[in-house]
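Me: Please take a close look at one part of the structure shown below, and set it in the context of the whole chain. I would like a single connected account rather than a list.

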Amino acid sequence: MNGPHDLGGQMGFGPVAPEMNEPYFHADWEKRALGITISCGAFGAWTIDESRHARENIPPADYLSASYYEIWIRGVETLLERHGFVTRQELLSGRKLQEGAVPKRVLKAEMVPAALAKGGPCDRPVEAAPLFATGERVKTKNFNPATHTRLPRYARAKLGVVEAVQGFFVFPDDNAHGKGENPQWLYTIVFDGGEIWGEGADPSLTVSIDAWESYLEPV
């Protein structure tokens, strides 16, 4: 979807200014926000792609005025309510008012190191040969879905070259909406700066993105 999260190439937001020696957290509540998000994700009720889409659906004014972990918390509130773990009234009151859904799993403190080390691999066994090869020219499709996608606006309808064939991975555009994993080949595509940014772009720049096979057309 073309939401407030997709800021690549947008004007008026100022330069990216990395914070020198930035701490992992700027306040104690951010630690809790991360812990809540991870522990709720362990319930097994939604996928990482659905969680991303929940954050993308935050109204633009709210999204752009929120901090990183505020966005995470608002996203997880949406997911908890959607899957029956809490009600809107409970979120507003901060109190349990009724029995909610029962999670498939509960992440306990002693399980955290192993769970984080394991991660959530999204590569899958190969089911077909890739359509494109390293060095091949391709063009990204031009579409504007209301649903989740990992193809950013600035890289749509652009000519690029396959830089690498990464493997066979879960297709997030379907997985975010309960349509199954439907894995596809994933490629790294490199674009010249001028192709992305147009006239006046630094000719020495290139931009690389990871793109699923269905995002691409042969040239």
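What follows is my request and one long reply. The part I have in mind is helix α2 (residues 48-56): which of its residues are buried, and against which elements do those buried residues pack?

Reply: The model is a predicted one, and every value below should be read with that in mind. I begin with the helix itself and then move outward. Of the 9 residues in α2, 7 are buried, so this helix is largely enclosed by the rest of the structure. The buried residues are D49, E50, S51, H53, A54, R55 and E56, where being buried means a relative accessible area under 20%. As for the partners, the buried residues of α2 pack against three helices, namely α3 (60-64), α4 (68-82) and α7 (172-175).

To place this packing, it helps to consider the domains. The assignment divides the protein into domain 1, covering 28-118, and domain 2, covering 137-218. The contact between them draws on 6 residues of domain 1 and 9 residues of domain 2, while the centres of the two domains, taken over C-alpha atoms, are separated by 28 Å.

The UniProt record gives a related but separate description. In an unreviewed entry, it places the feature "domain: Nitrile hydratase beta subunit-like N-terminal" at residues 1-101, and over that span the model is 49% helix and 0% strand, with the end C-alpha atoms 29 Å apart. The record, again through an unreviewed entry, places "domain: Nitrile hydratase beta subunit" at residues 121-218; there the chain is 9% helix and 35% strand, and the end C-alpha atoms lie 29 Å apart.

Two other helical residues can be set beside α2. I38, which sits in helix α1 (residues 28-41), has a relative accessibility of 32% and therefore counts as partly exposed. Once residues up to four places away in sequence are set aside, I38 touches L107 and L116. The C-alpha atoms of I38 and K108 are 11 Å apart in space, although these positions lie 70 residues apart in sequence terms. E90, by contrast, belongs to helix α5 (residues 88-93) and is buried, its relative accessible area being 8%. Leaving aside neighbours within four places, the contacts of E90 are F85, R95, K96, L97 and Q98.

Finally, the whole chain supplies the background to these local pictures. The protein has 8 helices and 5 strands, arranged along the sequence as α-α-α-α-α-α-β-β-α-β-α-β-β. Its C-alpha atoms fill a box of roughly 60 × 45 × 35 Å along the principal axes. Of the 219 residues, 33% are buried, a figure to keep in view when reading the 7 of 9 found for α2. Among contacts with a separation of 6 or more, 65% join residues 24 or more positions apart. The accessible surface comes to about 13,500 Å², with 55% of that belonging to carbon and sulfur atoms, and the mean positions of the 22 positive and 29 negative charges are 6 Å apart.

Note on methods:
Residues numbered from 1 in each chain as written. Predicted model: local features only at pLDDT ≥ 70, side-chain atom pairs only at ≥ 80, totals over all residues. Heavy atoms only, no water. Helix = DSSP H or I, 4+ residues; strand = E, 2+ residues; numbered from the N terminus. Buried < 20%, exposed > 50% of the residue type's maximum accessible area, 1.4 Å probe, protein only. Contact = heavy atoms within 4.5 Å. Areas by Shrake-Rupley, 256 points an atom, 1.4 Å probe, with all protein chains shown as cover. Lys, Arg positive; Asp, Glu negative; His and termini not counted. Charge placed at Lys NZ, Arg CZ, Asp CG, Glu CD. UniProt positions renumbered as here; feature names shortened; annotations may be inferred. Domains from an automatic or database assignment.
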